[in-house]
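Please open the model in your viewer, with selection by residue number switched on. The tour below moves from stop to stop, saying what to select and what is found there.

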Amino acid sequence: MSNPAAVGFPPEGATPSGTPVQAGIPIAIPDSDDIHIVQTAFVDQDADVLLNGWMGESKIRVFMDNDADMVQDADVRLDIDDNNRMFLRLDQSMMIDQNTEIDLDIYEAEGILYVDLYLKNEVDIVQDTELDLMLDGWNGKSQFFVANDLDVRQNVDVDVDIDDELEEKFAIKVAIGVKQAIDVDQDADIDVSYADGGFGVDVDAIQTATIDQDTTLRIDFSVV
């Protein structure tokens, strides 16, 4: 079963929850220069439950809560270089903080075994792009700097509660596996051209984060 959530919105706006979007910030500056910044994030969570050794009726229920918070910032500064040079610096940074809480309750009621798995996944994503651009008369010297930075923090907290009467009748083994995969793409394409006595600068900066989490629960019953 899957409970995907996707977030992505421009720095000064928001879109309806659950809709993957791309935040574009086109900025027109002199000499037909073009700056375009795209920041996107996707979050997906899956869970599988395996029950072995229980001979009666059972009900397995999985409850998922995905909370994704995304902060995006794009800062573009245009200045004049007093040293008659072209200077361009692009900094892209992303911080992902993921906290997962797993609560497992195993109990029997009226001859039915209940396995309730609660998954709460909180993801905070901060994406930041800064662009410094200075243009003036050109004397053959230019500087281009691109810096990409990624900070990932992940934490998992597990709590298992098994009914005392069940533990008296059965030896119960519980195994929980959590697989977290984060794919981050930070890309910048800079094109500088000279025509008709002036410079043209085209910048395409893209940051994309895809977060996948798979939780596997295995419960083995054996008679004491």
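Begin by selecting Asp204, which counts as partly exposed because its relative accessibility is 34%, where buried means under 20% relative accessible area, exposed means over 50%, and partly exposed lies in between, with a 1.4 Å probe and protein chains only. Asp204 is found in strand β10; strands (E, at least two residues) and helices (H or I, at least four residues) are DSSP runs, numbered from the N terminus.

Before going further, note that this is a predicted model, in which local features need pLDDT of at least 70 and side-chain atom pairs count only at pLDDT 80 or more, while totals for chains, interfaces and linings use all residues. Residues are numbered from 1 along each chain as its sequence is written, and side-chain values use heavy atoms, with hydrogens and water left out.

**The negative patch**

Keep Asp204 selected and add Asp48, Asp183, Asp185, Asp187, Asp189, Asp191, Asp202, Asp212 and Asp214, which together with Asp204 form a negative surface patch. A patch of this kind is made of residues with over 30% relative accessible area and no salt bridge, like charges being joined within 9 Å; Asp and Glu count as negative, and Lys and Arg as positive, whereas His and the chain ends are not counted. The place of a charge is taken as CG of Asp, CD of Glu, NZ of Lys or CZ of Arg.

Which strand supplies the largest share of the negative patch? It is β9, with five residues, and both β9 (170–195) and β10 (198–223) supply at least two residues each.

**From β9 across to Val203**

Stay in strand β9 and select Ile190, which is partly exposed at 25% relative accessibility. Then add Val203, which is 13 residues from Ile190 in sequence, with 4.7 Å between their C-alpha atoms in space.

**The salt bridges**

A search of the whole structure finds four salt bridges, a salt bridge being a side-chain nitrogen of Lys or Arg within 4 Å of a carboxyl oxygen of Asp or Glu. Select Asp116 and Arg61, whose side chains meet in one at 2.8 Å, N to O. This pair links distant parts of the chain, with Asp116 in strand β7 (residues 112–134) and Arg61 in strand β5 (residues 58–79), 55 residues apart. Is Asp116 buried or exposed? Asp116 is buried, with a relative accessible area of 2%, whereas Arg61 is partly exposed at 34%.

Next select Arg153 and Asp151, which meet in a salt bridge at 3.0 Å, N to O. Arg153 is partly exposed at 45% relative accessibility, and Asp151 is partly exposed at 27%.

Then move to Arg218 and Asp220, which form a salt bridge whose closest N and O atoms are 3.2 Å apart. Arg218 has a relative accessible area of 41% and is partly exposed, as is Asp220 with 23%.

**The whole chain**

Finally, clear the selection and view the chain in full, where the secondary structure comes to one helix and 10 strands, running β-β-β-β-β-β-β-β-α-β-β from the N terminus. Of the 224 residues, 33% count as buried. Among contacts (heavy atoms within 4.5 Å) between residues at least 6 apart in sequence, 80% join residues at least 24 apart. The accessible surface, computed by the Shrake-Rupley method with a 1.4 Å probe, comes to about 12,300 Å², of which 45% belongs to carbon and sulfur atoms.

Methods
Patch = residues over 30% accessible without salt bridge, like charges linked within 9 Å, V, L, I, M, F, W, Y side chains within 5 Å.
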